[in-house]
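User: Please take a close look at the largest pocket of this protein. I would like to understand what lines it and how it fits into the rest of the structure.

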Amino acid sequence: MKHTPRAASVVVKEALRDSFRKTTAESIGILQKLYTLFATIVAFGIVYNSARISLSERQRELATLRVLGFTRGEVGAVLVGELAILTLVALPFGLLIGSGMAAVILQSVNTEFVRLPLELTQANYARAVLVVAVSALISALFAALKLRQLDLVAVLKARD
């Protein structure tokens, strides 16, 4: 066909389709990495903000515990324990809401020309839980460091 004088060009549908799929897969891969990065940053920000707010709201009580003879580790365990409980309670709700949002987003993106399947695997859920758990761990470490800088006398003298 290519050597026929009247044929301007020959398009092989399979090659065109394969090229389209390859380009689309590369684009989706880049977007997926970008969304994963943003999701990780947002997850860390939310957990860290929660830890900071908890520390800020409970400075007086934590300082009182230190004055009463509790060690830094024991007082830190109270703060970190609260963060751990909040994280464990929030994880199932976050996974459920995230799954729903993914379904809605894909439903709105799918057209008659392009259809993306919703594939929620155990690996996806495990990765999400791992990101939140690591964020909670790092946030707990930062909160524990801030707890060491707590000025016991100044906190106890302050009036609310």
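Analyst: In this predicted model, the largest pocket holds about 1,900 Å³ of space. Its lining is made up of 39 residues. Those nearest the centre of the pocket are Tyr35, Thr36, Ala39, Gly98 and Ala102. The elements that contribute two or more residues to the lining are α1, α3 and α4. Among these, α3 gives the most, with 15 residues. Sorted by class, the lining has 28 nonpolar residues, 9 polar residues and 2 charged residues.

The setting of the pocket may now be described. The protein has 5 helices and 0 strands, and reading along the sequence gives the pattern α-α-α-α-α. Of the contacts between residues with a separation of 6 or more, 78% join residues 24 or more positions apart. Of the 160 residues in the protein, 15% are buried. The protein exposes about 12,500 Å², and carbon and sulfur atoms supply 66% of that area.

The nonpolar core should be considered alongside the pocket. In soluble globular proteins, nonpolar side chains tend to be buried together. In this model, the largest nonpolar core has 13 residues. Leu55, Leu62, Leu79, Leu83, Leu147 and Leu150 are the members with the most contacts inside this core. Two or more core residues come from each of α1 (13-57), α2 (59-67), α3 (72-109) and α4 (122-148). The largest share, 4 residues, is supplied by α4. Thus α1, α3 and α4 each give two or more residues to the pocket lining, and each of them also gives two or more to the core.

One core residue illustrates how separate parts of the chain meet. Setting aside residues up to four places away in sequence, Leu147 touches Leu55, Leu62, Arg72, Val75 and Gly76. Two of these partners, Leu55 and Leu62, are also listed among the core residues with the most contacts.

A final example concerns helix α1, where asparagine 49 is placed. Is this residue buried, exposed or partly exposed? Asparagine 49 has a relative accessible area of 43%. Buried residues lie under 20% and exposed residues over 50%, so asparagine 49 counts as partly exposed. Its C-alpha atom is separated by 10.0 Å from that of alanine 143, although the two residues are 94 residues apart along the chain.

Key
Residues numbered from 1 in each chain as written. Predicted model: local features only at pLDDT ≥ 70, side-chain atom pairs only at ≥ 80, totals over all residues. Heavy atoms only, no water. Core = buried A, V, L, I, M, F, W, Y, C linked by side-chain atoms within 4.5 Å. Buried < 20%, exposed > 50% of the residue type's maximum accessible area, 1.4 Å probe, protein only. Contact = heavy atoms within 4.5 Å. 1 Å grid on protein atoms, 1.4 Å probe; cavity = no way out; pocket = protein on both sides within 12 Å on 5 of 7 lines; lining within 4 Å. Points joined across faces, edges and corners; volume = space filled by probe spheres on them. Nonpolar A, V, L, I, M, F, W, Y, C, P; charged D, E, K, R; others polar. Areas by Shrake-Rupley, 256 points an atom, 1.4 Å probe, with all protein chains shown as cover.
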